[in-house]
Amino acid sequence: MNFEFSDEQRQLHDVVERYLGEQYGFDRYQSIKRSEAGWDASVWRALADLGVLAITVPAAQGGLGFGPVETLAMMGDCGRSLLLEPLLGSAVIATAALRKFAGETAAAELLTALATGEKIAVLAHHESDARFENRRVSTTARRIGANYRLDGHKGVVLHAAAADVLLVSARTSGEADDADGVSMFLVPRSAPGLVLDAYPIVDGRRAADVYLKGVEVPAASRVGSEGHALGAIEAALDIGLAALCADAVGVMQALLDATVDYVRQRQQFGQPIGRFQALQHRIADMLVHLEQARSMSYLAALRCTDENVDERRRALSAAKVVIGQSGRFIGQQAVQLHGGIGMTDELKVSHWFKRLTADQLMFGDSDTHLQRYAALTRGR
Amino acid sequence: MRLEFTDEELSFREEVRRFLRERLDPNISEKVLNGYELGRGDYLAWQRSLHERGWGGIGWPVEFGGPGWNSVQQYIFEEESALAGAPRLIPFGVKMVAPVLMTFGSAAQQQRFLPKISAGEDWWCQGYSEPGAGSDLASLKTRAVLDGDCYVVNGQKTWNTMGQYADWIFCLVRTDPLAKQQSGITFLLIDMKSPGITVRPITLLDGGHEVNEVWFENVRVPVENRIGDENRGWTYAKFLLGHERTNIAGVGIAKRELARLKRIAARERAHGRPLLEDPLFAAQIAQVEIELWALEITNLRVLSAERRSPAAGPEASILKIRGTEIQQSISELMMRAVGPYALPFRPEAIEAGWQFDPTHEPAGPRYASTLAAAYFNQRKLSIFGGSNEIQKNIISKLIIGL
């Protein structure tokens with residue numbers, strides 16, 4: 001039992017914290033958010049130069065071969081800085097999805113390109129009618145000669161427009177909700193028939209609905225054996241969920257810090273409002289929530305690669321429930337304690353609040369995970 | 001970063017489990033696991049078993065006859081004991097007055113009192129709260145006036161837990177009424193058999209007799225029973241309150257009670273199915289189980305930090321708030337699990353040996369009879385040991401710095 005980061009992990013954290021602290025202030029974030037693309041290629045290059053994009057890429061593909069705890073160590077700062085670049089989507093989730101297939105040429109080459117920042121990849125898995133269900137895949141992939149032909153609709157794919165390559169899940173057999181029959185394909189974003197309906201999401205990050213209309217890809221762009229990709233996809237999503245938890249805890253800490261600073265300086269009735277017990281107790285509640293959330297972000301990082309799938313999911317669902325509920329409480333109370341100014345676009349508080357709100361709605365909301373947890377623990 | 005205990009900690013846990021298997025009387029664990037009351041004899045018998053094993057002074061260093069465990073070992077011991085259904089440690093002797101004796105007591109006091117605490121020969125109780133001094137403890141009024149080689153004590157203490165069993169009481173008394181509140185307090189050890197002491201039971205909302213008023217009328221206390229210096233008692237009292245906070249989260253107890261909740265919900269039926277499978281009820285159990293998991297990891301984080309720098313910090317307030325809220329949620333769910341059979345109220349049912357009236361069919365399941373009373377009783381958790389509001393004051397002052 002030990003909750004310390006190693007020296008190496010702390011260094012990684014320090015590198016990211018220093019870069020974002022110096023280069024990714026609120027003004028920079030605002031201007032990137034308002035830009036056409038919604039992310040900044042120079043930031044991406046800088047992250048690549050710092051080695052951040054390579055941390056979970058295997059050494060054989062030019063990466064650092066690190067795991068979820070290293071990811072945990074740096075994600076909190078990404079949340080605090082409201083990083084808009086597709087770090088979670090590409091350097092964490094797509095990288096995790098590809099890592100299992102690093103023995104295959106296409107996956108290995110893409111991993112190398114992800115590590116250097118030369119390319120960006122995101123997983124396009126959830127469908128417009130799937131809500132948060134991982135198995136519900138109705139996009140089809142039909143073998144036609146040397147190609148596959150993909151048809152379907154992927155909903156709210158984070159950073160799809162920034163990606164050079166989409167990792168698209170599609171059925172090569174079976175029905176929606178079957179565990180078997182899902183395959184994964186590397187699809188260039190520029191592929192004919194692939195149409196993006198791109199938009200910002202509530203917190204300013206970018207996403208898109210992805211329409212696949214007779215998109216043809218060569219058979220070699222299938223990753224892994226036919227019909228057996230769902231396990232790898234779910235494993236990658238779980239690693240992503242753990243990273244999202246860490247990002248959210250960074251945001252919660254930032255909101256608590258900002259709120260404490262604010263109630264110390266804001267004067268009403270001739271004194272700082274932080275002297276009022278009603279507010280002090282609310283802030284104490286925020287801290288209690290934050291520490292439970294932080295504990296669960298550690299649990300998520302430590303369990304997200306567990307070989308025992310039920311145990312892994314039980315831990316991740318528990319983590320997401322706590323992160324979701326704590327994030328909701330801290331976000332809402334941070335706005336409340338800031339009063340009117342907390343409602344404005346001018347203050348970072350509202351942006352952090354929206355990021356936490358978006359995090360609640362990703363990878364399964366608290367209700368979904370509470371139900372999944374209950375189902376997994378029945379009879380225990 | 002890792003969650004698991006080390007190999008040494010795991011083998012220590014095995015040692016504790018073996019001891020519990022061998023020495024814990026099934027008649028006692030049966031009562032604890034099913035929520036029935038324990039008597040003085042049950043607690044003392046268990047304390048004597050611990051003492052025989054060399055574990056009578058939980059949390060004590062070796063030089064005072066304790067096992068010399070670190071905080072992780074103590075946590076493991078308390079968790080395993082709770083899960084096995086061992087009586088909870090009555091804290092007033094082992095965990096409260098003993099550390100004060102070891103730190104501030106004279107050698108003579110240490111030799112006189114510590115061995116009997118460890119051996120389960122002396123039962124201690126606490127004389128802190130007064131009718132007018134609860135959260136604001138330093139406003140206490142019980143007076144002690146030096147008369148020759150004795151203090152003469154007059155006043156009233158209240159919320160005195162299990163004082164009806166006690167041989168000794170440690171008391172905060174006012175020796176200098178003119179000094180600033182905190183500066184006029186003295187810490188006395190008083191024999192409960194002293195003339196002038198009256199113990200009056202307070203009946204609680206569950207019908208139980210757990211706490212008392214203790215009245216002092218010209219009670220003579222030898223000066224040699226004073227801890228440390230006169231008028232320095234507040235320092236010792238605060239030290240003691242710090243010790244009250246170790247293992248404050250009660251993770252083991254909550255796990256045990258959660259398991260009982262699940263057993264009950266598996267036997268109760270709703271719509272012809274086990275209540276445990278009712279989606280709404282299952283979600284509420286899942287919610288509290290998840291909260292307990294988060295608390296457990298938070299507790300382990302605090303312990304892990306203590307390995308580097310000992311002394312329970314203000315983080316214990318976080319554990320107290322969450323631990324008590326979770327235990328209260330579990331007790332409430334247990335009551336609700338049995339539906340209308342939480343309603344029949346027979347105080348005698350809380351006693352373990354109670355049998356149903358043989359001339360009548362039992363009114364509801366046996367396990368239902370204690371649940372409403374337990375729910376009522378557990379409301380105390382967020383009030384005692386520093387109310388949860390006081391804990392929030394501590395968090396906002398000492399952690400956040402407001």
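## What counts as touching

Two residues are said to be in contact if their C-beta atoms, placed from the backbone, lie within 7 Å. Keep that idea in mind as you explore this predicted model.

## Where chain A meets chain B

How many residues of chain A are in contact with chain B? There are 30 of them, and they touch 30 residues of chain B.

Let's look at the chain A side. Four helices each supply at least two residues to it: α7 (230–265), α8 (277–303), α9 (309–338) and α11 (366–377). The most comes from α8(A), which gives 13 residues. Sorted by class, this side of chain A holds 20 nonpolar residues, along with eight polar and two charged ones.

## The domains of chain B

Now turn to chain B on its own. Its domain assignment has three parts: domain 1 covers 7–89, domain 2 covers 124–231 and domain 3 covers 245–399.

## Domain 1 against domain 3

Try finding domain 1 and domain 3 of chain B in the structure: their C-alpha centres are 21 Å apart. In the contact between these two domains, domain 1 of chain B takes part with 15 residues and domain 3 of chain B with 17 residues.

Which helices of chain B each supply at least two residues to the domain 1 side of this contact? They are α2 (26–33) and α4 (71–84). The largest share of that side, eight residues, belongs to α4(B). By class, the side of domain 1 of chain B that touches domain 3 of chain B is made up of six nonpolar, five polar and four charged residues.

Definitions and conventions: Residues are numbered from 1 along each chain as its sequence is written. Chains are lettered from A and ligands numbered from 1 in the order in which they are written. This is a predicted model: local features need pLDDT of at least 70, side-chain atom pairs count only at pLDDT 80 or more; totals for chains, interfaces and linings use all residues. Ala, Val, Leu, Ile, Met, Phe, Trp, Tyr, Cys and Pro count as nonpolar, Asp, Glu, Lys and Arg as charged, and the others, Gly among them, as polar. Domain bounds come from an automatic or database domain assignment.
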